[in-house]
Amino acid sequence: MSSRAASRWTDGSMGKRVAKRYAAERRFRLFGLAAVGLSLAFLAFLLITMLMKGIGGLSLEFLSNSDATEAANAGVWGALKGSLLTILVTMAIAFPIGVLSALYLEEFAPRNRWTDLIEVSINNLAAVPSIIFGLLGLAVFLNFMHLPRSAPLVGGLTLALMTMPVIVIAGRNAIKSVPPSIRDAALGVGASKMQVVFHHVLPLALPGILTGTIIGMARALGETAPLLMIGMRAFIATPPRGITDPSSVLPVQIFLWSDEVDRAFVEKTSAAIIVLLIFMLLMNGLAIYLRNKFERRW
Amino acid sequence: MTLQLALVAILVIAATAGLFARKRATGLRGGGIRLNSLPNYHALFVGLWTALPALLFLAIWAPVQSGLVEQAVLASPAGQQLPDFQMVRDTILSEARDIATGRIAAGFNPESNAIAPVYSAAYGKYSMVGSALAVLIALGSALLAMRLVKVDFRARSGVERLMMGLLVGASLIAILTTLGIVLSLLFESLRFFKQVSPTEFLFGTSWSPQTAIRADQAGSSGAFGSVPLFWGTAFIGAIIAMIVAIPLGLMSAIFLTQYAPARARAWLKPILEILAGVPTVVYGYFAALTVAPLVRDFGLAIGIESASSESALAAGLVMGIMIIPFVSSMADDSIAAVPQAMRDGSLALGATKSETIKKVVLPAALPGVVGGVLLAVSRAIGETMIVVMAAGLAANMTANPFASVTTVTTQIVQLLTGDQEFDSAKTLAAFALGLALFVITLILNLIALRVVRKYREAYE
């Protein structure tokens, strides 16, 4: 029978077949390596381009000036302050609401149609395009509630609605990973359900929740489209004094400068991108540090 | 300003009431009797019941007050001279509001300077009334709550009921947001469809949304056929971006999970994730400044005359790169979910590693990968900044990747950020486009989530 002949391993033809299969194996492996390499090369290309174009624009004046019509005088301080105020508003709203609803869904919610509805909407909101949140902000906060245009308050509210589902999902995972024995022990010594959750589960889940929150905040910091929708694209030369003052934010400032005809703004735009990327890197670094320091395997 | 003061006052009253309640509860315990609840719970109970009703009142009062102020201003002699036209009147009123609250020094319209003092007076009067009422409510509820502090009063269950309400309320925000999105998009879209028929919007093939100011001007009607926009969106987001993202993302996932040593994986994966963390405005700038000229020169070099510097290819390429980590991590998850026994079985029969991956692991992981790709498509078509900065504005229906096409999100930004009057079909069209985008991404997400979930159950 031919199949018996084919399984003779010392045969020359068999050796060739094995060699061919091993070559295919190496090729496949090489493709994989190339895919990773290509992606990383693109990332390096992007970062190096920005660094080369923008490093000359970074200076103390650039960090302390605000937007100006002359490229030479333009700086990022106003936009940076606007970004920080916006993120503060986002954090103040999204974090408590996100944590509370994560606690409710994970620890208290009965399984019924209502909680299913809540769950479905949270999962969907996490995947809704950010520009839709901008339209929501425009229709509700500006046209219906008449909040001040282009202010960090409105920007923060809009971004909070966008970040809240991210925090809820991260929070639920963190709460899920707290072992049931902790709850049983606390219940066993007479704690009420609410005391179990707020005295024991929440503190243990908090590092995980914080990690998710910081990552969500970093995403909100880099978000542009929804803020364009609510009018944060005006030329504003003075840094905002409060959350109701008109203000710009860093990503929008980048967008506005990228539209300038004056070639001198190329350097400014790239420098502003470097500043933005440094902030994102710091926030993500903090999240990774928190995760490594407090992550517990039960 | 007084409303903010009232807010602070309420919080101070609540804190002091809480402290008093605590002292009283501790005093009750002095006689050696056991309290039903700890003094801290009495304090929380009194504090919460003091603050919440007053805060609720303030939340309701704020919008009521602005309505009342507006009425008072319009009823005043200066207000009655304002033009009847709704839009002009609203502009003047909002300017007067800005002057009265000190946000700007003087208005653009002379009328707004005239009514600013009236506005200021009405505002002062009503916010005084509101603050006084809020503080009275806080004091009243503090007194009522304080009377409940007794030995056998179950303060803890009271506090926990309140907390429970807070928890439920917080989770309802998600539903409210969804509802808000659907309602606001629907409402504005309906107004749009009163002016433009839905069939023209859905099936029309010509898009030029500029409506003229006078009716007799050329091209006064504007065309709102959205088919070219959806074609452009699909071309960039679902075709070009996916041609880049699927092979690179999938192969990266395979390499990282199956071949890379654990230490290399621990380094490479987070670095790859940075691609997903770079803000989209940075990608957009990079696409417009660096990639687009390269693509155009390449197009000219291979003999395509019409190569545009706002080509679909440049935007799609960069978008594909942005999506790589997303596809990769979805593929990673579904590959990891394939049971080890299937892999071992294939290897034991003598298949090489790559044969196992191609013939066993990938087919088994396919539903998860497909779900991940659908989610990636939904993310790509909703992506805004890359296409706003790198894709064009001309609504072309072309399959030439070097030509310029426009997308739904680009047009939304374009429609809402130019000089605009709020009720025109042009502005409302943005909401109709938003509604269409929302529905499409929703359907994609629902299908994807269902596919992924069903597949997970199969192996558990």
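This is a dialogue about a predicted model and the terms used to describe it.

Trainee: On what basis are the statements about this model made?

Mentor: The model is predicted, and local features need pLDDT of at least 70, side-chain atom pairs count only at pLDDT 80 or more, and totals for chains, interfaces and linings use all residues. Residues are numbered from 1 along each chain as its sequence is written, while chains are lettered from A and ligands numbered from 1 in the order in which they are written.

Trainee: How do you know how many helices and strands chain A has?

Mentor: Helices are DSSP runs of H or I with at least four residues, and strands are runs of E with at least two, numbered from the N terminus. By that rule, chain A has 12 helices and 0 strands.

Trainee: What makes a residue of chain A count as buried, and what percentage does so?

Mentor: A residue is buried if 20 or more other C-beta atoms, placed from the backbone, lie within 10 Å of its own, exposed if 12 or fewer, and partly exposed in between. Of the 298 residues of chain A, 47% meet the test for buried.

Trainee: How does chain A compare with a compact globule?

Mentor: The radius of gyration is taken over C-alpha atoms, and the globule rule is 2.2 Å times the number of residues to the power 0.38. For 298 residues the rule gives a value near 19 Å, but chain A has 26 Å. The C-alpha atoms of chain A fill a box of roughly 85 × 65 × 35 Å along the principal axes.

Trainee: What makes residues of chain A and chain B count as in contact, and how many are there?

Mentor: Two residues are in contact if their C-beta atoms, placed from the backbone, lie within 7 Å. By this test, 63 residues of chain A are in contact with 65 residues of chain B. Helix α2 (residues 12-54) of chain A gives the largest share of chain A's side, 17 residues.

Trainee: Which domains does chain A have, and where do their bounds come from?

Mentor: The bounds come from an automatic or database domain assignment. That assignment gives domain 1 (2-57) and domain 2 (60-294) of chain A. Their C-alpha centres lie 40 Å apart, and their contact takes 6 residues from domain 1 and 8 residues from domain 2.

Trainee: What is the helix content of residues 196-218 of chain A?

Mentor: Residues 196-218 of chain A are 100% helix and 0% strand, with end C-alpha atoms 31 Å apart. By comparison, residues 125-147 of chain A are 70% helix and 0% strand, with end C-alpha atoms 23 Å apart.
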